[in-house]
Amino acid sequence: MVICARDQRESLRACLESLKQALPWSSEVLVVDNASSDGTPRMVVESFEHVRLVRNDHDVGVAAATNQAVAMAKGAYILLLDPRVQLYPGAVTEMLAFLEKNLRHGAVVPRLLRPNGATVPAHEGLPTHATALWLGTPLERWRPRNREIARAFACDFDYASDGDVECTTVACFLMRRRALKRAHTLDANLFPHFHEADLCARVREAGWRIGYSSGIYALDAAGIGEAVYPDLSPAWQEQRLGWYRIHLGQGAGWWLKTCVCWTLADRLARELRRRVNGIREEPILPVWREYSPCSRPESQSRALRVASSH
């Protein structure tokens with residue numbers, strides 16, 4: 001089990017307490033502390049002797065810390081767990097039993113519950129070429145209840161029944177170590193917006209299925225598993241473009257850029273029309289910056305990617 005934390009002492013305490021009745025007795029628990037200043041490492045050492053604590057002297061980020069811990073873990077199964085999640089008794093044992101019974105599944109996730117007992121809608125569909133055409137574009141504005149948006153946000157998923165999912169949160173994600181054919185579990189370049197879609201896509205591309213078990217429960221105390229409409233920030237746009245290039249190819253990246261440029265042109269045209277009519281709704285520069293990662297020329301994008309890798 002891998003948990004990464006930074007200044008989350010009380011959430012981590014509750015998480016680790018829940019593990020006492022959720023884990024098989026022989027399980028290995030690794031906690032990576034990203035230079036917390038609230039006494040998190042001391043709490044782990046004093047209260048949880050069975051936990052293996054790894055201290056980083058600076059914050060390396062959740063993705064890098066997760067990869068660091070996965071490389072140190074020894075088991076055939078890896079459970080990625082957010083410190084704000086608490087597991088119900090027997091949850092991990094039941095998840096392991098699911099994977100041992102369902103040999104074509106490379107990963108399994110439980111049902112996430114809010115503190116009031118309601119199910120968190122944590123699943124989505126993986127992005128496709130059609131998603132680029134409909135999500136956030138003028139087409140969505142003209143037909144907001146379209147079929148592709150419903151698929152992308154898994155609006156029809158039955159959380160009361162077991163099934164397979166395309167994309168889901170990794171707040172509580174149990175996977176076979178051999179389900180991934182690469183060293184790094186999470187891609188730091190796609191964090192925090194598309195790392196989950198990247199991990200799920202890589203598991204599926206390796207020929208595995210991702211299962212959802214409706215009868216295994218975990219408490220999402222902070223609402224981290226909620227599937228919400230993206231904020232369309234510059235970072236989200238840039239990571240989205242990176243995901244498309246990795247999983248759908250360079251041509252898909254060009255297709256996405258075309259759809260985004262169309263969206264940008266539409267937004268700017270509508271804003272200019274409002275200004276002509278004496279209505280100023282929002283500044284134009286923030287709109288431009290929002291879409292700039294996908295609208296800049298390919299040569300400039302390539303230069304920025306090379307610079308960020310050094």
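Helices here are DSSP runs of at least four residues, numbered from the N terminus. The model is a predicted one, and a good place to start is helix H1. Arg 13 and Glu 10 both sit in H1, 3 residues apart, or about one turn of the helix. An α-helix has 3.6 residues a turn, so residues three or four places apart point the same way. The side chains of this pair meet in a salt bridge, with 3.1 Å from N to O. Arg 13 counts as partly exposed at 28% relative accessibility, and so does Glu 10 at 44%.

That pair is part of a longer list: the whole structure holds 13 salt bridges. Among them is the one between Arg 209 and Asp 164, whose closest N and O atoms are 2.6 Å apart. Arg 209 belongs to strand E11 (residues 209-220) and Asp 164 to strand E8 (residues 163-164), so this bridge ties together parts that are 45 residues apart in sequence. Arg 209 is partly exposed at 33% relative accessibility, and Asp 164 is partly exposed at 34%. Back in the earlier pair, shared partners link Arg 9, Glu 10 and Arg 13 into one salt-bridge network. Asp 82 and Arg 84 also meet through their side chains, at 2.9 Å from N to O; Asp 82 is buried at 16%, while Arg 84 is partly exposed at 29%.

Helix H2 (residues 40-47) brings burial into the picture, with Thr 40, Pro 41, Met 43 and Val 44 as its buried residues. Seen down the H2 axis, they fall within an arc of 165°, so they line one face of the helix. Those buried residues pack against helix H1 (9-19) and strands E2 (30-34) and E3 (52-56). The face turned away from the buried side carries the exposed Arg 42 and Glu 46.

Technical notes
Residues numbered from 1 in each chain as written. Predicted model: local features only at pLDDT ≥ 70, side-chain atom pairs only at ≥ 80, totals over all residues. Heavy atoms only, no water. Buried < 20%, exposed > 50% of the residue type's maximum accessible area, 1.4 Å probe, protein only. Helix = DSSP H or I, 4+ residues; strand = E, 2+ residues; numbered from the N terminus. Arc of directions from axis to C-beta. Contact = heavy atoms within 4.5 Å. Salt bridge = Lys/Arg side-chain N within 4 Å of Asp/Glu carboxyl O.
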